[in-house]
Amino acid sequence: MTDETPTTHIMRAGEYFLGVEGLAIIRSILTDPPRAQRRVEEARNIVARFDDFPQSLEFPVTEYDVEAGYTRWAPNYDGPNPAIEREEPIVRELLEGLPPGDALDAACGTGRHASMLADLGYNVIGVDATEAMLALARPKAPSVDFRSGRLEALPLGDASVDLVTCALALTHVERLEPVIREFARVLRAGGRVILSDMHPVIAMTSGVAAFPDEGGKRGVPFVLNRPHQISEYVQSFLAAGLTIEACFEPPVTEEMLPRFPTFAAYPEATSEAFLGLPYLLMWRLKR
């Protein structure tokens, strides 16, 4: 897919509502049948009023490739962004106790982690494939050496850094192992890797990397999140000679629910569908 030929389909709001009701139903149909039956009744009402507002609202849903999507998203990427808000405090926790040294922020985006690492005393290199992101990162963190490059072929020498961070990016690559091998290649012995990603459960339930449309127009432009199972991460770590020091799976919380697009119309179904599902997958590794 290229930016000139993005894939666009039309989605009805009612279709999305039914999907959320269905996820809520399957989570409780055996363990709490009365709760599931309430969701079934609500789904019936949605179908009966499918041509009425808000079920009748139509949205263009457009998939972009990674570079085109993040070029469009760059001006608004830093927020409000629930994944960033959930992820950043845990990254700080995973950094605690590590001595500052040379760091790589891979897929650095707008430089939010690169800037944080610089403030913590690291000598930082930031690498990203999207120039629109790097253009925002450079003035944010003037001391960081920002470079254009891809995760599969990092523009760094062997054993050149003590720390690698990579945030909310591996879910866009087709295969994890080549990227993880690159992280291990540039890492010195005893160095750490800190990773964050959308959890595969979210990626498998239509959790795409959606961003605001230009000019506030109605629509859902997005970049695909590819679900990498936890076993794929672990196998990639082992193949690259990395050991696991910590793993976190932060769940969807009550505070996050109002950010889901169905919450205003169907709060109970939204809660029963998503509350408690693993939202992020986070790792700290050692070479």
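Two strands pair if DSSP finds at least two bridges between them. Strands (E, at least two residues) and helices (H or I, at least four) are DSSP runs, numbered from the N terminus.

This is a predicted model: local features need pLDDT of at least 70, side-chain atom pairs count only at pLDDT 80 or more, and totals for chains, interfaces and linings use all residues. Residues are numbered from 1 along each chain as its sequence is written, and side-chain values use heavy atoms, with hydrogens and water left out.

**Exercise 1. Describe the pairing of β6 and β7, then place both strands in their sheet.**

Step 1. β6 and β7 pair in the parallel sense, over six bridges. Take one bridge: Ala167 has Ser196 in β7 as its partner.

Step 2. Turn to the other pairing of β6. Strand β3 (residues 102-106) and strand β6 (residues 161-167) are paired in the parallel sense over four bridges. Here Ala106 stands opposite Cys166 in β6.

Step 3. Now read off the sheet. It is open, has seven strands and follows the order β5-β4-β3-β6-β7-β11-β10, with mixed pairing. Its edge strands, β5 (145-148) and β10 (243-248), each pair on one side only. From one strand to the next, the twist averages 15°.

Step 4. Check the enclosure of β7. Buried means under 20% relative accessible area, exposed over 50%, and partly exposed in between (1.4 Å probe, protein chains only). Nine of the twelve residues of β7 are buried, so β7 is largely enclosed by the rest of the structure.

**Exercise 2. Which strands does helix α5 lie across, and which does α7 touch?**

Step 1. Fix the terms. Contact means heavy atoms within 4.5 Å. Axes are lines fitted to C-alpha atoms, for helices over the stretch in contact, and angles run from 0 to 180 degrees between N-to-C directions.

Step 2. Helix α5 (residues 112-119) lies across β3, β4 (123-128), β5 and β6. It runs at about 145° to β6.

Step 3. α7 packs on the sheet and touches β3, β6 and β7 (187-198). The direction of α7 makes about 145° with that of β7.

**Exercise 3. Characterise the packing of α7 on α9.**

Step 1. Two packed helices are described by the angle between their axes and the distance between the axes.

Step 2. For helix α7 (residues 177-186) and helix α9 (residues 230-239), the angle is about 40° and the axes are 9 Å apart. That makes α7 oblique to α9. The classes are roughly parallel under 35 degrees, roughly antiparallel over 145, roughly perpendicular from 65 to 115, and oblique for the rest.

Step 3. The crossing of α7 and α9 is right-handed. A crossing is right-handed if the near helix is turned clockwise from the far one by less than a right angle, and left-handed if anticlockwise.

Step 4. List the contact residues. α7 supplies Glu177, Ile180 and Arg181, while α9 supplies Ser236, Phe237 and Ala239. They divide into three nonpolar, one polar and two charged. Ala, Val, Leu, Ile, Met, Phe, Trp, Tyr, Cys and Pro count as nonpolar, Asp, Glu, Lys and Arg as charged, and the others, Gly among them, as polar.

Step 5. Look closer at Ser236, found in helix α9. Ser236 is buried, with a relative accessible area of 3%. Not counting residues up to four places away in sequence, Ser236 touches Leu176, Glu177 and Ile180.

**Exercise 4. Is His172 buried or exposed, and which residues is it in contact with?**

Step 1. His172 lies in the loop between β6 and α7.

Step 2. His172 counts as buried, at 11% relative accessibility.

Step 3. Leave aside its neighbours within four places in sequence. His172 is then in contact with Val66, Tyr70, Ala209, Val223, Leu224, Asn225 and Arg226.

**Exercise 5. What is the strand order of the four-strand sheet, and which helices lie across its strands?**

Step 1. The sheet is open, with the order β1-β2-β9-β8 and mixed pairing. β1 (7-12) and β8 (209-210) stand at the edges with a single partner strand each, so one side of each has no neighbour in the sheet.

Step 2. β1 and strand β2 (residues 58-64) pair in the antiparallel sense over six bridges. In β2, Thr62 is the bridge partner of Thr8.

Step 3. α1 lies across β1 and β2, at about 75° to β1. Helix α3 (residues 66-73) lies across β2, β8 and β9 (220-223), at about 120° to β2.
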